[in-house]
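Take a look at the model below. Then read on for a short tour of its parts.

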Protein chains: 2
Amino acid sequence: MQRKSNELLAGYCQFRPRFGRVRENLEGVIRALRQVRADLIVLPELPFTGYHFRDRSEALALAEDPRDSDTVAALARLCKRKRMHLVTGFAERRRDRVFNSALLIGPQGLRHVYRKLHLFKDEKSCFDPGDIDLSVQTVNDFRIGMMVCFDWAFPEVARTLALKGAQLLCHPANLVLAHCQQAMLTRSLENAVYAVTANRTGADRRPHGVLRFTGGSQITAPGGRLLHRAPAARAKIHVTALDMSAAGNKWLTPRNHLLRDRRPEFYLA
Amino acid sequence: MQRKSNELLAGYCQFRPRFGRVRENLEGVIRALRQVRADLIVLPELPFTGYHFRDRSEALALAEDPRDSDTVAALARLCKRKRMHLVTGFAERRRDRVFNSALLIGPQGLRHVYRKLHLFKDEKSCFDPGDIDLSVQTVNDFRIGMMVCFDWAFPEVARTLALKGAQLLCHPANLVLAHCQQAMLTRSLENAVYAVTANRTGADRRPHGVLRFTGGSQITAPGGRLLHRAPAARAKIHVTALDMSAAGNKWLTPRNHLLRDRRPEFYLA
């Protein structure tokens with residue numbers, strides 16, 4: 001795929017992680033991405049550890065400090081070899097705390113950590129809530145923001161990232177409900193941003209219960225357009241050229257700017 | 001239709017106003033609602049004057065002060081006779097200012113005025129932007145909020161009304177784009193509220209241009225469910241019993257409260 005100067009080759013890798021098999025999942029991702037040409041690939045939430053932790057101690061045991069992590073080092077080598085960036089979910093250990101995080105990794109290594117602000121259901125028993133600001137990073141001179149899974153339900157997340165300049169929302173997810181895909185169309189529409197939601201497939205079958213994930217990874221565009229949606233149950237990698245200038249233009253009509261038309265003095269925070 | 005104590009009979013009246021024919025449009029609405037049994041009916045935006053004003057002076061000439069308006073008086077008589085409430089769009093004159101407003105009218109007369117905060121396209125040449133707070137009113141002990149048409153594009157509007165306690169968003173509209181219906185599903189989902197969007201049909205054919213409106217009035221429910229959608233081009237009245245207790249429950253899951261899980265310290269206002 002050829003890229004123009006205003007384009008970013010972005011996509012996702014949807015697959016089925018095996019719970020607890022960090023090295024096997026990592027090797028699967030590296031193998032899957034070997035033939036892919038992209039500037040930026042988004043992986044699902046918690047794609048190496050799996051999702052359905054029994055409790056906090058199990059999450060802590062599988063989590064890693066991304067600044068001292070074999071997993072991150074291997075992903076950084078992949079990024080360097082392929083001259084690409086990755087946004088990936090990550091079980092992040094930080095001393096005695098553990099976060100459901102997303103990492104931005106590039107050819108030079110770890111670039112940014114985002115810690116999920118809105119924990120879903122039993123994640124509240126396993127993870128600490130995110131404690132650092134939503135922020136925007138540059139990839140190939142384009143501005144990307146990171147959010148994780150259930151953050152989709154809070155319009156303030158995508159809005160905050162857009163107000164900070166994000167053109168593309170990178171959204172690792174482990175979806176069990178059917179609502180997110182629809183809502184992300186609205187997030188793309190109301191903020192005039194692209195969004196790549198990378199979901200996983202399969203189930204985490206644990207002694208304390210089974211959780212099934214719903215696939216349907218997708219790429220949405222300004223105007224609320226669905227560019228692509230993955231099947232529900234199959235592994236899938238999809239990369240597409242995004243015209244990032246479209247996400248710089250916040251004029252929904254010649255007289256309506258989606259951000260500047262806001263009336264924050266009338267909004268409750 | 002029988003009503004239980006937790007139910008509100010709510011709906012909309014979708015029709016084709018004729019530009020500038022205030023009395024004719026009013027009589028059409030009164031005639032259309034004669035046989036309807038409802039607690040609350042939502043009418044479109046600017047349903048009596050029509051929408052496509054040439055300029056501000058034309059809007060001013062057709063607008064009325066709702067506190068001294070034959071139109072409002074006739075609607076109040078209708079509400080009294082039928083023991084119902086109306087939310088209707090209204091070209092509101094206030095001394096030398098003119099607003100694209102929504103009115104709540106009940107058996108006792110005018111109860112509340114909301115002035116559209118987010119003006120669409122050439123409305124900016126015809127109307128003053130809204131200048132009073134979003135607020136919540138009670139109808140049959142249930143809490144309703146009002147928003148007008150393009151307010152849909154700003155998630156902060158529905159969010160603010162939900163944070164102030166609204167269970168039902170009453171949403172007069174004159175839609176020309178195709179985005180709103182989808183976005184209102186998301187508004188209902190992310191806030192666990194009902195929403196009644198009342199759109200108009202037909203076109204305003206004026207010397208300065210033609211504007212076509214897209215019908216498709218709809219009623220959405222907590223969970224992002226579409227309860228009903230009207231056809232694009234035909235007049236339609238639809239009333240349904242809304243279980244308002246569903247809009248009091250903000251628990252999307254047993255551990256996720258859509259409003260209390262917010263992390264406003266991380267949001268840009």
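Is helix α6(A) mostly covered or mostly open, and how many of its residues are buried? It is mostly covered: eleven of the twelve residues of α6(A) are buried. Buried means under 20% relative accessible area, exposed means over 50%, and partly exposed lies in between (1.4 Å probe, protein chains only). Among the buried residues of α6(A) are Cys180(A), Met184(A), Leu185(A) and Leu189(A). Charged names appear there too, including Arg187(A) and Glu190(A).

This is a predicted model, in which local features need pLDDT of at least 70, side-chain atom pairs count only at pLDDT 80 or more, and totals for chains, interfaces and linings use all residues; side-chain values use heavy atoms, without hydrogens and water. Residues are numbered from 1 along each chain as its sequence is written, while chains are lettered from A and ligands numbered from 1 in the order in which they are written.

**Helix α6 in chain A.** The helix covers residues 180-191. It reaches 16 Å from its first C-alpha to its last, close to the 16 Å expected. The expected span is 1.5 Å times one less than the number of residues. Just after α6(A), Ala192(A) takes a positive phi of about 50°.

**Chain A as a whole.** Chain A has six helices and 16 strands. These are DSSP runs, numbered from the N terminus: helices are H or I with at least four residues, strands E with at least two. The table gives some overall values.

| Property of chain A | Value |
|---|---|
| Span of the C-alpha trace along the principal axes | about 55 × 45 × 35 Å |
| Residues that count as buried | 61% of 269 residues |
| Exposed area | about 10,400 Å² |

Carbon and sulfur atoms supply 46% of that exposed area (Shrake-Rupley method, 1.4 Å probe).

**Helix α1 in chain B.** This helix holds residues 22-32, and Val22(B), Asn25(B), Leu26(B) and Val29(B) are buried. Seen down the axis of α1(B), the buried residues fall within an arc of 100°, so they line one face of the helix. The arc is that of the directions from the helix axis to the C-beta atoms. An α-helix has 3.6 residues a turn, so residues three or four places apart point the same way. The face turned away from the buried side carries the exposed residues Arg23(B) and Arg31(B). What covers the buried residues of α1(B) includes α2 (56-62) and α3 (70-82) of chain B.

Conventions
Contact means heavy atoms within 4.5 Å.
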